[in-house]
Amino acid sequence: MTKKRVFSGIQPTGNIHLGNYLGAVKNWVDSQDEYENIFCVVNTHAITIRQDPKELKKKTYELASMLLACGIDIAKSNLFIQSHIDEHAALAWILDCHIPMGDMSRMTQFKDKSVKNPKNVNVGLFNYPALMAADILLYQVDDVPVGEDQKQHLELARDVAMRFNRDYGECFKIPKPMIPAVGARIMGLDDPQTKMSKSAQGENHAIFLLDSPDVISRKFKKAVTDSQTSIVFDQTRAGLYNLLSIYEILTGKTREEIESEFEGKGYGHLKTALAEVVIETLRPIQENYHRIHKETGYLESVLYNGAQQVRPIAKATYDKTKELVGLL
Ligand code: TYM
């Protein structure tokens, strides 16, 4: 039986954090055996926000090392860099010509990012979801494992694919979002009303995957909770719920087990236990990272081979699209 295919991507901007790991990367790693996997460092998306060129290149390779360190296994998965395959940007143009302005204007990420970067509200930022749709549709994938914040972009990708197939004939497989039941939206530790993000400013906002044990403990200690005392899964208590969800995913314990573990205990106890679990989860990842990142030759060959392997799929889809619209 042939395996289903997944595609997902992550931007090399800022530093990868626990939200990225729990909402996306951990699931990519955990389901590697079940699927045919294609993962991508989406550096072309990153330039929708102005980047220092040297820094962007450095971050791209650091992130690729980190994905390998987290457990992406090249015997089971393909890993490549978006800009190494020109068909992504090329297909995005054709899709752009088939996405109504109204649909694109509804994208909440564009609204958020243009508020955060008022001096650089560029057309690429607006069209970002077309490039993302191209990433996915090029590879004829079944599922797209992402955090909840990408759901709206996925819907746009599905819509444009369905419209294109209807108007020109069968071309794209219709992808489905694969969003985890827990961890799809990890919140900022300093403000549990906002999503943990790479660009937030507060020094206790996010746990980064390369944070030292001391920093991790300090950030959890300062995490915002509430003035109540019981430790229970209650979605209305956003700070506590966020901490408990992280604990739930990383320990694999049930909610009942966790609630009874902390019965009669205070928030300090939970924060210490959680910090320990996170430190132990990140320890082997950090060790792998420092080893892999030193082996530049190895990393470059992994990424080169990754692009070589998937390029024929991208090219076949792109050529078909061109043919259908009368460009070939
Ligand atoms: P990016 O780089 O912002 O995030 C990478 C992945 O991490 C997830 N994520 C989170 N999950 C839970 N809690 C959080 N606080 C949190 N923050 C981020 C994201 O949902 C994502 O799955 N547009 C995408 C990159 C992209 C892509 C694609 C993804 C480009 N092309 C094609 C899938 C398929 C992005 O900016 O992700």
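These legends accompany close-up views of a predicted model.

**Close-up 1. Helix α1 packs against helix α10.**
The view joins residues 18-30, helix α1, with residues 238-251, helix α10. The two axes lie 12 Å apart, at an angle of about 45°. Angles under 35 degrees would count as roughly parallel and 65 to 115 as roughly perpendicular; α1 and α10 are therefore oblique to each other. The crossing of α1 past α10 is left-handed. From α1, the contact draws on Leu18, Tyr21, Leu22 and Lys26. From α10, Ile246, Ile249 and Leu250 take part. By class, the contact holds 6 nonpolar residues, no polar ones and 1 charged.

**Close-up 2. Helix α10 also packs against helix α12.**
Helix α12 spans residues 267-294. Its axis and that of α10 are 10 Å apart, and the packing angle is about 40°. The pair α10 and α12 is therefore oblique. Their crossing is left-handed. On the α10 side stand Leu240, Leu243, Leu244, Ile246, Tyr247, Leu250 and Thr251. They meet Tyr267, Leu270, Lys271, Ala273, Leu274, Val277, Val278 and Thr281 of α12. The residues of this contact divide into 12 nonpolar, 2 polar and 1 charged. Ile246 and Leu250 of α10 appear in the contact with α12 and also in the contact with α1.

**Close-up 3. Helix α4 crosses helix α7.**
Helix α4 covers residues 87-96, and α7 covers 123-137. Their axes come within 8 Å and cross at roughly 120°. That angle makes α4 oblique to α7. The crossing is right-handed. Helix α4 contributes His88, Ala89, Leu91, Ala92, Leu95 and Asp96. Helix α7 contributes Asn127, Ala130, Leu131, Ala133, Ala134, Asp135 and Leu137. Sorted by class, the contact of α4 with α7 has 9 nonpolar, 2 polar and 2 charged residues.

**Close-up 4. The surroundings of helix α4 largely enclose it.**
Of the 10 residues of α4, 7 are buried, so the helix is largely enclosed by the rest of the structure. The buried residues are Glu87, His88, Leu91, Ala92, Ile94, Leu95 and Asp96. Which elements cover them? The cover includes strand β3 (77-81) and helices α5 (101-105), α7, α8 (151-168) and α13 (296-325). Among the buried residues, His88, Leu91, Ala92, Leu95 and Asp96 also belong to the contact with α7.

**Close-up 5. Gln140 has a positive phi.**
Gln140 sits in the loop that runs between α7 (123-137) and β4 (143-145). Its phi is near 50°, a positive value in a residue other than glycine. Is the side of Gln140 buried or exposed? Gln140 is partly exposed, at a relative accessible area of 23%.

**Close-up 6. Phe208 meets residues distant in sequence.**
Phe208 lies in the loop between β5 (176-178) and α9 (213-221). Its relative accessibility is 21%, so Phe208 counts as partly exposed. Phe208 and Asn15 are 193 residues apart in sequence. In space, their C-alpha atoms are 6.5 Å apart. Beyond neighbours within four places in sequence, Phe208 contacts Asn15, Ile16, His17, Lys219 and Leu282.

**Close-up 7. Asn20 is buried in helix α1.**
Asn20 belongs to helix α1. Its relative accessible area is 16%. Buried means under 20%, so Asn20 falls in that class. Residues up to four places away in sequence are left out of the contacts that follow. Asn20 touches Ile10, Asn15, Val25 and Lys198. Asn15 is thus a contact of Asn20 and of Phe208.

**Close-up 8. Cys97 and Cys171 stand apart, without a disulfide.**
A search of the whole structure finds 0 disulfides. Why is Cys97 not bonded to Cys171? The closest cysteine sulfur to that of Cys97 is in Cys171, 15 Å away, too far for a bond. A disulfide needs sulfur atoms within 2.5 Å. For Cys171, the closest cysteine sulfur is likewise that of Cys97. The two sites differ in exposure: Cys97 is partly exposed at 47% relative accessibility, whereas Cys171 is buried at 5%.

Key. Residues numbered from 1 in each chain as written. Predicted model: local features only at pLDDT ≥ 70, side-chain atom pairs only at ≥ 80, totals over all residues. Heavy atoms only, no water. Axes fitted to C-alpha atoms, helices over the stretch in contact; angles between N-to-C directions. Helix = DSSP H or I, 4+ residues; strand = E, 2+ residues; numbered from the N terminus. Parallel < 35°, antiparallel > 145°, perpendicular 65-115°, else oblique. Left-handed = near helix turned anticlockwise from the far one by under 90°. Contact = heavy atoms within 4.5 Å. Nonpolar A, V, L, I, M, F, W, Y, C, P; charged D, E, K, R; others polar. Buried < 20%, exposed > 50% of the residue type's maximum accessible area, 1.4 Å probe, protein only.
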